[in-house]
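Please open the model in a viewer and keep the selection panel at hand. The stops below proceed from one selection to the next.

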Amino acid sequence: MTTDQPVDDRFHVFDTTLRDGAQREGINLTVADKLTIARHLDDFGVGFIEGGWPGANPRDTEFFARALAEIDFQHAQLVAFGATRRAGIRAADDPQVKALLDSGAPVITLVAKSHDRHVELALRTTLDENLAMVRDTVQYLREQGRRVFVDCEHFFDGYRANPEYAKAVVRAAHEAGADVVVLCDTNGGMLPPQVQAVVSTVAADTGARLGIHAQDDTGCAVANTLAAVDGGATHVQCTANGYGERVGNANLFPVVAALELKYGRRVLPQGSLAEMTRISHAIAEVVNLTPSTHQPYVGVSAFAHKAGLHASAIKVDPDLYQHIDPELVGNTMRMLVSDMAGRASVELKGKELGIDLGDDRELVGRVVDRVKDRELRGYTYEAADASFELLLREEVEGRPPRFFRTESWRAIAEDRPDGSHANEATVKVWADGERIVATAEGNGPVNALDRALLVALERIYPQMAKFELVDYKVRILEGRHGTESTTRVLITTSDGDAEWSTVGVAENVIAASWQALVDAYTYGLLKAGVRPTES
């Protein structure tokens, strides 16, 4: 449980998705993207949003101008990132320092060298001049009314090589007026016991308020961040979904969830934690990356249970196999039905789908046996909830829910002499007592079948006009007799508000696709409240 301590300046959640996170391979944010993400982060309740490096590129400069004009921040303060002054000039005369002030950001983060070899080889200056660069820039920005944080780049590697100099950089920043000095594991090579030991020692030796910035190259960024908190850090720098260069940064969502739910420390506004899954997925959509299904706390598989043994225990008490109530972070528990399922899995899945199986052990046993038989033949229901619900309803109601009957279908793929291709499908179905024949073309035989089925049925079921196939996966399954093979198709369909997945298995991809399409439209019509009409 969290304490009643309000969110205040005693602990900082600092997000750097828009700067460090944007360095991930495959992410290329527009100004509009950055503004959208900033709004999401502010809604979530982080204390600081690092927007980028104004003056380093036109996009970041424009972002600060627009963010301050267009976003009414409710929780976060906007942070500009830049470097200490260059060697040999005054901070007031350095153009990039001026760009930081011109950004209008109330908080500025300065990156400073804390590894002696980096000072001498990368900056090509003396150790004393580097300390002066830190002091002068912090003092100047403070005189201009800005709050200043200092990121000590490569701190842990520098501390290992020359601990006294690394601590001297921390002291220089602290004594010049930096509110927080952030120890950066820039190469991401540290482990939690090392981080905790170094942070606690540096805090004791310098008296500075410390923060942590951890990269994930050892897979320990979240653990290292929490270890730094154990060592006395009161400022954590993270990115949404762990985005960042190489393998990424400390993931904002597991860090704040651990602080609130495991440490009992209130670091977000009341009620914000329950928005975490939504925020995580919304940001993933903006950066155009599929949300990680297995991400802690917010992944769709984070509270998914497949093993029959787990399901039996969860039926008694969900806490037996869950470390928290998923609703605390805006997620939900899911039961996966597969050939590993037992009676409890089916009963819980039925309850999740709103289908009461009562205490009918014979019915549940039939469903379990049927699932195991069909999975042996190549079906998979853990990824096709809609197909499983149709199977379950068939067993409960004694017949499959059906809105149309298939008489026949065919798909033709034609290669023409000029190199072009034609794909045409014809379907013959019965619906509402009427025999319907429809033909359509598509950019492939499956797309042609999909269009033909829609042409046939939209007049009778206008709800189908909203249905759209949004994902299509094919897998060739290993055959059991020589070169024989079986094809499995998974289809995801949307009505604009929700998505559902169906499965088909057959000797060829088109037949398997037809099965999955029929299930997809049958489920969609059920979901739309249409009553089945065909026997």
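Select Arg 246 in this predicted model: the residue sits in the loop between strand 8 and helix 10. Its phi is positive, about 60°, although Arg 246 is not a glycine. With a relative accessible area of 45%, Arg 246 is partly exposed.

Keep the same loop on screen and add Asn 241, which also belongs to the stretch between strand 8 (235–238) and helix 10 (252–262). Is Asn 241 buried or exposed? Asn 241 is buried, its relative accessible area being 13%. Phi of Asn 241 is near 60°, again a positive value in a residue other than glycine.

Next, move to the other side of strand 8 in the sequence and select Gly 231, in the loop between helix 9 (221–230) and strand 8. Gly 231 counts as buried, at 11% relative accessibility. To gain a sense of distance, add His 421: the two residues are separated by 190 positions in sequence, and their C-alpha atoms lie 66 Å apart.

Zoom out at this point to view the whole chain. The C-alpha trace spans about 85 × 65 × 50 Å along its principal axes. The chain contains 17 helices and 16 strands, and of its 535 residues, 52% count as buried.

**The cysteines**

Select Cys 152, Cys 184 and Cys 238. How many disulfides does the model contain? The count is zero. A disulfide requires two cysteine sulfur atoms within 2.5 Å. The closest cysteine sulfur to that of Cys 152 belongs to Cys 184, and the two are 6.8 Å apart, too far for a bond. Cys 238 is likewise in no disulfide, its nearest cysteine sulfur, that of Cys 184, being 12 Å away. Cys 152 is buried, at a relative accessible area of 0%, and Cys 238 is buried with a value of 0%.

**The second largest pocket**

Now display the second largest pocket, whose volume is about 490 Å³. Its lining comprises 21 residues; to find the centre, select Glu 394, Pro 400, Gln 515, Val 518 and Asp 519, which lie nearest to it. Colour by element next: helix 14 (361–376), helix 15 (385–397), strand 11 (405–415) and helix 17 (509–527) each give two or more residues to this lining. Which element supplies the largest share of the lining? Helix 17 does, with five residues. Colouring by class instead divides the lining into 11 nonpolar, four polar and six charged residues.

Isolate helix 17. Its 19 residues reach 27 Å from the first C-alpha to the last, close to the 27 Å expected at 1.5 Å a residue. At the N-terminal end, select Asn 508, which caps the helix through a side-chain oxygen placed 3.0 Å from the backbone nitrogen of Ile 510. At the other end, just after helix 17, Gly 529 adopts a positive phi of about 90°.

Turn to helix 14, another contributor to the pocket lining. The 16 residues of helix 14 should span 22 Å at 1.5 Å a residue, and the end C-alpha atoms are indeed 22 Å apart. Select its buried residues: Leu 363, Val 364, Gly 365, Val 367, Val 368, Val 371, Arg 374 and Glu 375. Immediately after helix 14, Gly 378 takes a positive phi of about 120°.

**Towards the N terminus**

Select Lys 34, located in helix 1 (residues 31–44). Lys 34 is buried, with a relative accessible area of 3%. What does the side chain of Lys 34 reach? Display Gly 51 as well: the side chain of Lys 34 reaches its backbone oxygen at 2.7 Å.

For the final stop, select Ile 89, in the loop between strand 3 (77–83) and helix 3 (95–102). Ile 89 counts as partly exposed, at 26% relative accessibility. Add Asp 136 to the selection: Ile 89 and Asp 136 are 47 residues apart in sequence, and the distance between their C-alpha atoms is 10.0 Å.

Terms used. Residues numbered from 1 in each chain as written. Predicted model: local features only at pLDDT ≥ 70, side-chain atom pairs only at ≥ 80, totals over all residues. Heavy atoms only, no water. Buried < 20%, exposed > 50% of the residue type's maximum accessible area, 1.4 Å probe, protein only. 1 Å grid on protein atoms, 1.4 Å probe; cavity = no way out; pocket = protein on both sides within 12 Å on 5 of 7 lines; lining within 4 Å. Points joined across faces, edges and corners; volume = space filled by probe spheres on them. Helix = DSSP H or I, 4+ residues; strand = E, 2+ residues; numbered from the N terminus. Nonpolar A, V, L, I, M, F, W, Y, C, P; charged D, E, K, R; others polar. Expected span 1.5 Å × (residues − 1). Polar contact = N/O pair within 3.5 Å; in protein donor to acceptor, adjacent residues only side chain to side chain.
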